[in-house]
Structure formats: structure tokens, C-alpha cells
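User: I have a structure open and want to go through some of its packing with you. Can we start once it is on screen?

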Amino acid sequence: MAEALKPPHAGGSFPFPPGPLGGCPEEYRRRRAECPLGPVTLPSGDEVLLATAYDDIREVLAGASFSRNLRYPGAPRMLPGEALGDDPHALTGMDGPEHARLRRIVQGAFTPRRAEAWRPHVQAVAEELLDGIVAAGPPTDLLASYAFALPVEVICRLLGVPAKDSGLFRAWSDTLLSLTPDGAGERRRAAAEFGAYVDDLVAGHRHAPGHDLVDALIEARDEGDRLSEAELGRMVRGLIVAGHETTAHVIARGVLTLLRNPAELAALRAAPGLLPDAVEEILRLQIPGHGALLRVATADVTLPSGATVARGRGVLAPMAAANQDPVRFPDPGRLDIRRAGNKHLSFGHGPHFCLGAHLARVEVRTALEAVVRRLPGLALAVPAEELTWTTGSRVCGLRRLPLTW
């Protein structure tokens, strides 16, 4: 099959700059209207196809004809050299039986019931942090004092690691999430340090078992099959990165979005029962990851839009672009905490649906509820246009969120 033709103006270098106030890149909207499947050049220099329509992205994520197995020579790469997401032995880099095997072993540690069991711990952390914020008085950088502090404290308690090490996690995560082409050396260094830390953590839990998630993963099995040491280490590293970085930015973005939509915030305060739907809308609108993990077509595929992908072609399917498709979400750029049928793709779809989605929902919901309840006079301490955002990373987040109340 022939691939979608490339209009003269459809090329471009990925990643694209974010939209206003860290929003979804405007280039996604333009491409969706003019060329929903078109080529882009990655920082590695490889050219792949970029999907921007909801149904196309969902089809790519479903996994039937698109593989995350990029181990073969000449496979497309996001960055030159090794990068986060390129590890062929990580859960996110597997397909088929080997991927299903790992999911079966660990999925019991990530059920909705397990996540709900952690809600009291999350609530306690939120209240403790807000006690400190209120006692210190305004203003505060809510990104540092709350949005990052909460998921870091939760993941530390969850994994049984010292909270004092949270600065290391953030530094390693920031380096590994970088999309800077010439940062390969720094990423290798961070990966080695992070790996050594996790190896020591696991060894400590084997020597003195407790009741943390690391212990659950050590004991996890599927009909006698268990995680190898290497698989266990990769799983814990992935949990640390995913368990604080993206969740923190969703919390900060959620607070900012509510403050910029005072009518919706007032409605939420008047009817707290709207919180679950409000959280889903924030997850749809404020996903901090604007990019996607690379996949390769394992057969010639015709996508729902009618565009075609040839076997062996690399494809990017960003969830952020899917969440802004007006065909699926009318007036997609507007916060609507009563939005019906909100089937966003922020946690992915198909075999690689986010393992930690249930815990992330618990954290975001608890964090936002506590802020709305405890700080009724919350307001931005600077104009929204003066806020600055990270660039050159897989995660687009605020650098600071100065607030008063």
C-alpha cells in the first residue's frame, strides 16, 4: 500500500513547541485538519509518520498491527544513542507473549482495589503538606510545595524509600526525559546511577522484607513465574519516574486550569460530586506528555481516517493530539467539568495502557479536592502569561506555580 502523500507544508521537526500556557502543540491541530498522517523528522534524524486524529491514534495504540519492539537493526529512534523508552527489555518495549507475561505477573499490584487502599495515605500526605503551606503563609510555589511534593512522598512511601532521596529521583527523571540530541552521555550517567540505586533498594528489601510495593513485586508471580532481577529493577525504575513526574505536572496543571476557569471552579466548590468528572476532564485537557512512544507497523495498515501506513514504517501516536480532536471532543480546548463520554487517551489504550492509572487517578483526585477545600481564596500570584514552561523534554510542565490565597 502507498503511504499518505506529504503536502509540501506537512513536514517538520519533532517535537513541536507547546501551545499557549503549555497547551497541546498548535501543529497537531493544523495537521489534523490538513494532513492527519504525515511525516516528521525526529531528533535522531529518522523520519516517521505522525498521527493526529483520535481514531487513528487509538488504532495505533491498540497494538494489533503496531509494535513497540524496536530491537532490530535500523529501527527508528527518537534520539541518537540510548534514551528512555528505547530499552528493548523494558515493559514498554515489548509486545506479544513476553509483554503479556510481565503484565500478568505484576498486574495484581496495580488493581483499583490496591489503589483505593492507598487513598488514606495520599489524603494524609495532602493534608500534611497543606498544613505546612497554610502555616508558612502566602505566597507559595505550589509546584514545589505541593504538586511535586505529594506524589514524591507517596511514591517514596509506596516503595519504602527515604523521602530525602526524592531530589535524586527528580534529577534522574529530568535527565532521562530530555529530548536533547547531544545529551546521550548525561542520560547514560543518570541511567547507571539510577540503576545502581534501585539495585541497592531491591537488595535491601530482600534482606529485610516489609509490606511495600517493592516487596509485592518481589513476591509477584504467575503460576510460579517470577520477575528476574533485571525485570524487577526496570519495573521499579519505571514506577519511580512515572509515579511522580507526570502526576506532579497534572496536579499543577489542574490547579492552574481551575484558576483560569473561575466559573468551573465555583461549580466544583458548590457541587463536590463533580470532582470525578472534573479530574477526567483535567486529565484529558492537561496531559503533560505531548509526544508519544515510537511504534512500527508490522503489516500494511489502513487507518480509520483512510490514511495508510506501510509495513516497517515508524509511527508516533500522541495521546495529547487525540484528546484535542474536535470530532471526539466538541470544543476540545474548553474545560468542561460536566463533559459526557470523556473517553480520553491520557493513560493510553490497548496492551500498553498505563499500569499505574488507578493510583494516578487517586492521587490527582485527592490532591485537587484538598486544595479546593483548604484554600478557598487561591489565586495566581503573577499573570498567567508570565508563567514559564519546560522545553526539550518528553514532559511539558510548569517551572513554578506561584500562588496566593
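User: Which residues of helix 7 are buried?

Analyst: Leu150, Pro151, Val152, Val154, Ile155, Cys156, Leu158 and Leu159 are buried in helix 7. Buried means under 20% relative accessible area, exposed over 50%, and partly exposed in between, with a 1.4 Å probe and protein chains only. This is a predicted model, where local features need pLDDT of at least 70, side-chain atom pairs count only at pLDDT 80 or more, and totals for chains, interfaces and linings use all residues. Residues are numbered from 1 along each chain as its sequence is written, and side-chain values use heavy atoms, with hydrogens and water left out.

User: How many of the helix's 11 residues is that?

Analyst: Eight of the 11 are buried, so helix 7 is mostly covered. Helices (H or I, at least four residues) and strands (E, at least two) are DSSP runs, numbered from the N terminus.

User: What comes just after helix 7?

Analyst: Glycine 160, with a positive phi of about 70 degrees.

User: At what angle do helix 7 and helix 15 pack?

Analyst: About 135 degrees, with the axes 11 Å apart; helix 7 spans residues 149–159 and helix 15 residues 357–374. Axes are lines fitted to C-alpha atoms, for helices over the stretch in contact, and angles run from 0 to 180 degrees between N-to-C directions. The two helices are therefore oblique to each other: under 35 degrees counts as roughly parallel, over 145 as roughly antiparallel, 65 to 115 as roughly perpendicular, and the rest as oblique.

User: Which residues meet there?

Analyst: From helix 7, Leu150, Pro151, Val154 and Leu158; from helix 15, Leu359, Glu363 and Ala367. By class, this contact has six nonpolar, no polar and one charged residues. Ala, Val, Leu, Ile, Met, Phe, Trp, Tyr, Cys and Pro count as nonpolar, Asp, Glu, Lys and Arg as charged, and the others, Gly among them, as polar.

User: Switching to leucine 129. What does leucine 129 touch?

Analyst: Ser145, Tyr146, Ala149 and Leu150, leaving aside residues up to four places away in sequence. Contact means heavy atoms within 4.5 Å. Leucine 129 itself lies in helix 5, residues 119–136. Its C-alpha atom is 7.8 Å from that of alanine 149, 20 residues apart along the chain.

User: And the whole chain, how many helices and strands?

Analyst: The chain has 15 helices and 12 strands. Buried residues make up 52% of its 405 residues.

User: What box do the C-alpha atoms fill?

Analyst: Roughly 65 × 55 × 40 Å, taken along the principal axes.
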